[in-house]
Amino acid sequence: MDQAQAFKSGFITIIGRPNVGKSTFMNHVIGQKIAIMSDKPQTTRNKIQGVLTESDAQFIFIDTPGIHKPKHKLGDFMVKVAENTLNEVDVVMFMINAEEGFGKGDQFILERLQNVNNPVFLIINKIDKVHPNKLLPLINEYKDKYDFEEIIPISALEGNNVENLLTQIKQRLPEGPQYYPEDQITDHPERFIISELIREKALQLTREEIPHSIAVVIENIEQKERSEKVLIQATIVTERKSQKGIIIGKQGSMLKEIGMRAREDIESLLGTKVFLELWVKVQKDWRNRQHQLNEYGFSNEEY
């Protein structure tokens, strides 16, 4: 392989305030749902690694939790996850919401970027929601605060200018191996993605009534005998009895709806029919209890 055709590969982290569209971008680029989406901030809790393989390059995207000032141990974990990716990657994408403009949360992130030696791109997302005249003042405001490698406006939802962004990133990636097979789109096990899809439906359907005090634990996945269906049993964990009641709903109606919607996404993920059983249990104040954070997959040990 000559110099012009050398294969490139590298790691790209996506950081930003909560709810700027990081998961939407990831799902658009990968072409399949691997990161959950919600209009509630701080939906992503772990590093979600998405893999895009082209003929001459492999992009490994890390969608981090939104960087914010934490209010509990789970929040501490989420921020550590995001901050610790900054110097482990080849390119940093700092994503902002074109509708919101500069805020305290951005200053908090910019302070953490001061020690980063890798190229930092400013990605102005949701340009489909604002008038083009608003973009230049926004670009100038951010340009004065940090020496960005590139400033690229996009719409992750509509796909506007995303190809250009990928081209710019590819130019900064080092020559390297293909880390993952070309048909692999994430490094997360199916169990994790299934739990996230169930959590997404619970967040979407309960709206403001249920904050981020729920976790989903996959208890069992097995192929049913004499059937093509896969049996999945999962528990939705809440912090309070009142939240349990909301998730179950009148005569079980809410839990049934969560299960029905989650099952559709899980069947699409697995490519097979699914029988989904859901339970709900209360674990008081689990977000501040380290052993329960560990049990639910939020361990700080590796960070």
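Two strands pair if DSSP finds at least two bridges between them; strands (E, at least two residues) and helices (H or I, at least four residues) are DSSP runs numbered from the N terminus. The model is predicted: local features need pLDDT of at least 70 and side-chain atom pairs count only at pLDDT 80 or more, whereas totals for chains, interfaces and linings use all residues. Residues are numbered from 1 along each chain as its sequence is written, and side-chain values use heavy atoms, with hydrogens and water left out.

Q: How many bridges join β4 to strand β5?
A: Strand β4 covers residues 91-97, and β5 covers residues 120-125. The two run parallel, with M95 of β4 opposite I123 of β5. The number of bridges that join them is six.

Q: Which helix does the chain cross through from β4 to β5?
A: M95 of β4 stands opposite I123 in β5. The β-α-β crossover from β4 to β5 is right-handed (with the strands pointing away from the viewer, the path from the first strand over the helix to the second runs clockwise). The helix on this path spans residues 104-113 and is α3.

Q: Which residue in β4 stands opposite I14?
A: Strand β1 (residues 8-16) runs parallel to β4, and five bridges join the two. One bridge partner pair is I12 and V91. For I14, the residue opposite is M93.

Q: Which residue in β3 stands opposite T13?
A: Strand β1 also runs parallel to β3 (residues 57-63), with seven bridges joining them. Opposite T13 in β3 stands I62.

Q: Why are β1 and β4 described as largely enclosed by the rest of the structure?
A: Buried means under 20% relative accessible area, exposed over 50%, partly exposed in between (1.4 Å probe, protein chains only). In β1, seven of the nine residues are buried, so the strand is largely enclosed. V91, M93, M95 and N97 point one way from β4 and V92, F94 and I96 the other way. Strand β4 is largely enclosed because its buried residues number seven of seven.

Q: Which are the edge strands of the open sheet β7-β8-β9?
A: The three strands follow that order with mixed pairing. On average, neighbouring strands of the sheet are turned by 15° against each other, direction ignored. Strand β8 (residues 230-238) pairs with β9 in the parallel sense over nine bridges, with V230 opposite V274. The strands that pair on one side only are β7 and β9.

Q: What angle does the direction of α6 make with that of β7?
A: Helix α6 (residues 190-206) reaches 25 Å from its first C-alpha to its last, and 14 of its 17 residues are buried. The helix packs on the sheet, touching β7, β8 and β9 (heavy atoms within 4.5 Å). Axes are lines fitted to C-alpha atoms, for helices over the stretch in contact, and angles run from 0 to 180 degrees between N-to-C directions. The angle between α6 and β7 is about 125°.

Q: Is Q283 buried or partly exposed?
A: Q283 lies in the loop between β9 (274-282) and α9 (290-295). From A215 it is 68 residues apart in sequence and 10.0 Å apart in space, C-alpha to C-alpha. Because its relative accessibility is 22%, Q283 counts as partly exposed.

Methods. The expected span of a helix is 1.5 Å times one less than its number of residues.
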